[in-house]
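Subject: Handing over the structure

Hi there,

Here is the structure I promised to send you. My notes on it follow below, and I hope they are useful when you open it up.

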Amino acid sequence: VITSIDYDHQEWLGNTLEQIALEKAGIFKPNVPAVVGETRDRLKPVFSSHAHSVGVSRLIFLDDQDWIYSINSRSTHGMTLSIRLRGWSFDNLFVPLHGEHQVRNLAIALLALQEHWGTIPPADTLPIIERGLRNLRRNSGLRGRIETVRTNPLLVVDVAHNEAGCQALVKTIGEAPFPPKWNVVFGVMRDKDYREMLAVLSRIAIRFFFATPRNPRACSAEELAEQASSFGIPIAVHSNIGEAFLAALQLGEPVVCTGSFFTIEEVLDKLDELGDNVSNSHS
């Protein structure tokens, strides 16, 4: 499965989307079906050519399928949606994730499962899949995907670590049921396009709280402060992510922590210390 392509890890993947797509297509295997969620038509020939050369048994693009969905309701803990795709039909399906991109990921997963089974899903599997999705975080250990970990004050953690990730984050938490403005705790690796990431985040930021994550590749909080100084948003610099996070939390306003997997790891560790790391699970 390949979900989507964007600029990231260019030092290994390449500097054009076509190069990155070809590297991602390296996962294709002989006599194994491949499901691709990428939307850009100009990248389809890259996948098709590599699939043919490798001997993929079937190449399926999500957007070549006849599928439809609607998001029926949203809460700070997830979304309820209806989706029709091939033999799949779900109504009022709760998924503890956010954003249109996660609906696409769900559709890709359903396609992949159907390819694996080689048949339309039996009706008695649907309640099992619904239960699995409700308990997604608990079952998979998946954390930090626009995850609400506290509600008073509202606290969201997200592992966005490039501009595309920040765009998805801001699009989702900048509209109902989320509040429009947030205190932003941010730490990032210095090999990322952090200026562009900050520009996107500035659209929802009340204040920036910067710190340097515990990683040799980390960008310094002082460099972030310098880059963000032109946005006209108040800035606080802290000695570590835990301190920055606590300072933001103490204001009693909505807080979002983002920028890197390493940043979110330190935030979750601090929550564990506080005995307050409530993951979002529905039984």
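**Salt bridges**

Lysine 44 counts as buried, because its relative accessibility is 18% and the cut-off for buried is under 20%. Please keep in mind that this is a predicted model. The partner of lysine 44 in a salt bridge is aspartate 64, with 2.9 Å between the closest N and O atoms. This pair links distant parts of the chain, since lysine 44 sits in helix α3 and aspartate 64 in the loop between β2 (59-61) and β3, 20 residues apart.

Two further salt bridges caught my eye. In one of them, glutamate 253 pairs with arginine 207, and their closest N and O atoms are 2.7 Å apart. Arginine 207 belongs to strand β9 (residues 205-210), while glutamate 253 lies in the loop between α10 (241-249) and β11 (255-258), so the pair ties together parts that are 46 residues apart in sequence. Both ends have some access to the surface: glutamate 253 is partly exposed at 26% relative accessibility, and arginine 207 is partly exposed at 25%. Going back to lysine 44, salt bridges that share partners join Asp41, Lys44 and Asp64 into one network.

The other is the salt bridge of glutamate 18 with arginine 42, where the closest N and O atoms are 2.4 Å apart. Here helix α2 (residues 17-24) supplies glutamate 18, and the loop between β1 (34-36) and α3 (44-54) supplies arginine 42, so the pair ties together parts that are 24 residues apart in sequence. With a relative accessibility of 30%, glutamate 18 counts as partly exposed; arginine 42, at 46%, is partly exposed too. How many salt bridges are there in the whole structure? A search finds 14.

**The three-stranded sheet**

Moving on to the sheets, one is an open sheet of three strands, ordered β3-β4-β5 and paired antiparallel. Its edges are β3 (67-75) and β5 (88-95); each has a single partner strand, so one side of each is left without a neighbour in the sheet. From one strand to the next, the twist averages 10°.

The pairing of β3 with strand β4 (residues 78-85) is antiparallel and consists of eight bridges. For a concrete example, look at isoleucine 68, whose bridge partner in β4 is arginine 84. Which helix packs on this sheet? That is helix α4 (residues 100-117), which touches β3, β4 and β5, and its direction makes about 45° with that of β4.

**The six-stranded sheet**

There is also an open sheet of six strands with mixed pairing, and its order is β6-β7-β11-β8-β9-β10. At its edges stand β6 (147-151) and β10 (235-237), each with a single partner strand, so one side of each has no neighbour in the sheet. The twist in this sheet averages 20° from one strand to the next.

Within the sheet, strand β8 (residues 182-186) and β11 run parallel, joined by four bridges. If you want a place to start looking, phenylalanine 186 stands opposite threonine 258 in β11. Strand β9, which holds arginine 207 of the salt bridge with glutamate 253, is part of this sheet as well.

Happy browsing, and do write back with any questions.

Best wishes

Methods
Residues are numbered from 1 along each chain as its sequence is written. This is a predicted model: local features need pLDDT of at least 70, side-chain atom pairs count only at pLDDT 80 or more; totals for chains, interfaces and linings use all residues. Side-chain values use heavy atoms; hydrogens and water are left out. Two strands pair if DSSP finds at least two bridges between them. Helices (H or I, at least four residues) and strands (E, at least two) are DSSP runs, numbered from the N terminus. Axes are lines fitted to C-alpha atoms, for helices over the stretch in contact, and angles run from 0 to 180 degrees between N-to-C directions. Contact means heavy atoms within 4.5 Å. A salt bridge is a side-chain nitrogen of Lys or Arg within 4 Å of a carboxyl oxygen of Asp or Glu. Buried means under 20% relative accessible area, exposed over 50%, partly exposed in between (1.4 Å probe, protein chains only).
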